[in-house]
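Look at the model below before reading on. The paragraphs after it start with the whole chain and then turn to its interior and its aromatic rings.

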Amino acid sequence: MSAVATAPRARAGRGQNRGTWIGLILILALWELSGRLLVDSFVLASPSETLRYLVEDWRLMSRALGVTLSNAAAGFVIGNLAAVLLAGIAILWPRSERVVTGLALLVFCLPLVATGPILRVFFGPGSGPQIVLAALAVYYTTLIPLLVGLRAAPDSWFDLVRSYGRGRMAALVHVRLMAALPYLFAGLQIAAPAAFLGAMVGEFTGAERGMGVLTVRAIRALDVEMTWGLATVATAVAILAYLAIGAVARRVLLEAPPVILAAPAASGRSRPALDAGLVVALALAGWAGAIWLFGLNPFFAKGPLDVAEALIWAADAPQTRATIGAALAETAVFLLPGYLAGLAAGAGLAILLVLVPAIAGTAMPLAIALRSVPIVTTAPLIVLLLGRGAVGTITLVAVMVFFPSFVACLHGLRQAPGQVMDVFDSYAAGPVARLMRVRIPAMLPAFFAAARMAVPASVLAVTVVEWLATGAGIGSLMALSASLSDYDMLWSSVVLVSALSALGYAAVGVVERRVLATYAPEQLA
């Protein structure tokens, strides 16, 4: 590339870096001013107060951070390896994709609020629940973008592989893996904060050390400086992980996105009802088999028949159903508005950054910070600022949904093929025309992948908020059931929440297929 071509890009990069620093300074100044104005309200600690706390208690914080980081890193590696393995199986054996993704979805939909106490009983003391929850929090956020990326290659590339007499494995290695790298890195960037969150939720369930343990202590003591100190450290860790993965992606991803004009051939007959039935049967068999294989105590380990009895034919089944139904109704009031607001905010900000790149320097750090704070530390802060009502709960759900949607949409907008953009440039098309006709269609697969992943994520957010702050809804009911050892109620709630999350996911998938059939049919293979 010539010096003439690189000079404007270098100037743009310097301008964006300058904007980033100006934005950070403005955010810190606003935070400091707000902290000083609200000094007697016990809701906000200023940056200077937070920094003073971190300096004075750096030994305590560093020990807790080391524990949580090690658990999160182990879960991050295990979860992402599982995602790559599942994606490989689904691509090499296309008929298994619906079953693989269905089972993966059911496991991902398990609410961490309830899964944590069950894993604590299963593993006992130690790091087992933290690592498992971190892995559960990340594997699906990598699996879905990876599957999208493995299909994001022109059909002509597969024709070339077939013309040399090579099979699916060669296509996977030489075509699909290369095409999937941008989506894999996008998934890893989303997964990094999620792993930290999973590890902290695991520490909530009775761990002895870690950031989650300190968070519980700060919430109970109403220690504002400690709460903001934990949030600051967690945010810094998540941002550094996000930026590090992004830096690796920029060094690896050197090729322009390919042009995909034709839909590949269908991989087989569609059998959604049969596949759904097979997923349910395998899930029930695996559930009962795990209890039998590990010899779990029937007092806390409830199998499918135990849950069916608790919900259908037990003497107190009507009361159980009524209690869970009332809790679910309370949760739904906050869940849907927060989910839609998070999706709209994520897609809207990504589009805004593409149309007005000059604001990226200010908006990107704020966007990363908003989501990088783990929800278990965000919840107390937002509840302190916005209260325990609808506004605070909906805001927390929206924050949880916002960042994955934003990252996915931004990557999708950047996947607009350069050759098509060159055609629009030759016709002097404006940025809005290019956005509407090229970038948004290119973004749609990533947007819907984020929308599907956001369904379980929004359920996690609202249940955590209800558990930690509001004391209402299904999250509070599950936490209360765990503390009272009411395992019939706990397992029944887990099953119903997981099933409803899976149904919400499927509903988004129906909308996705209808939209992609018109604007991006190549993603429907």
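Buried residues make up 50% of the 525 residues in this chain. The model is a predicted one. Its secondary structure consists of 20 helices and 0 strands. The accessible surface of the chain is about 24,700 Å², and carbon and sulfur atoms account for 69% of that area. Contacts also show how the chain is put together. Of those between residues at least 6 apart in sequence, 77% join residues that are at least 24 apart.

Next comes the interior. In soluble globular proteins, nonpolar side chains tend to be buried together. The largest nonpolar core of this chain has 95 residues, and the members that touch the most other members are Tyr-140, Tyr-339 and Phe-406. Helix H18, which covers residues 431-470, gives the most to this core, with 17 residues. Where does this core lie with respect to domain 1 and domain 2? Domain 1 (41-262) and domain 2 (302-524) both contribute residues, so the core lies between them. Another core, of 23 residues, lies apart from it; Ala-64, Ala-137, Phe-196 and Ala-218 are among its members.

Tyr-140 can be followed further. Leaving out residues up to four places away in sequence, Tyr-140 touches Thr-101, Ala-104, Leu-105, Phe-108, Pro-145, Met-453 and Tyr-505. One of these, Phe-108, is also its partner in a ring pair, as described below.

A pair of aromatic rings is described by the distance of the centres and the angle of the planes. The chain has 8 aromatic pairs. In the pair of Phe-108 and Tyr-140, the centres are 4.9 Å apart and the planes differ by 20°, which is a stacked arrangement. Which parts of the chain does this pair tie together? Phe-108 belongs to helix H4 (residues 97-108) and Tyr-140 to helix H6 (residues 128-151), so the pair links parts that are 32 residues apart in sequence. Phe-108 and Tyr-140 are both buried.

The pair of Phe-447 and Phe-448 has another geometry. Here the ring centres are 5.3 Å apart and the planes stand at 75°; because angles over 60 degrees count as edge-to-face, this pair is edge-to-face. Are these two residues buried or exposed? Phe-447 has a relative accessible area of 17% and Phe-448 has 7%, so both count as buried, the cut-off being under 20%.

Finally, Phe-108 and Tyr-140 belong to a wider group: together with Tyr-139 and Tyr-505 they form one aromatic cluster.

Note on methods:
Residues are numbered from 1 along each chain as its sequence is written. This is a predicted model: local features need pLDDT of at least 70, side-chain atom pairs count only at pLDDT 80 or more; totals for chains, interfaces and linings use all residues. Side-chain values use heavy atoms; hydrogens and water are left out. Helices (H or I, at least four residues) and strands (E, at least two) are DSSP runs, numbered from the N terminus. Buried means under 20% relative accessible area, exposed over 50%, partly exposed in between (1.4 Å probe, protein chains only). Contact means heavy atoms within 4.5 Å. Accessible areas come from the Shrake-Rupley method with a 1.4 Å probe; for residues, only the protein chains shown count as cover. A nonpolar core is a set of buried Ala, Val, Leu, Ile, Met, Phe, Trp, Tyr and Cys residues joined through side-chain atoms within 4.5 Å. Domain bounds come from an automatic or database domain assignment. Rings of Phe, Tyr and Trp (its six-membered ring) pair if their centres lie within 6.5 Å; planes under 30 degrees apart count as stacked, over 60 as edge-to-face and the rest as tilted.
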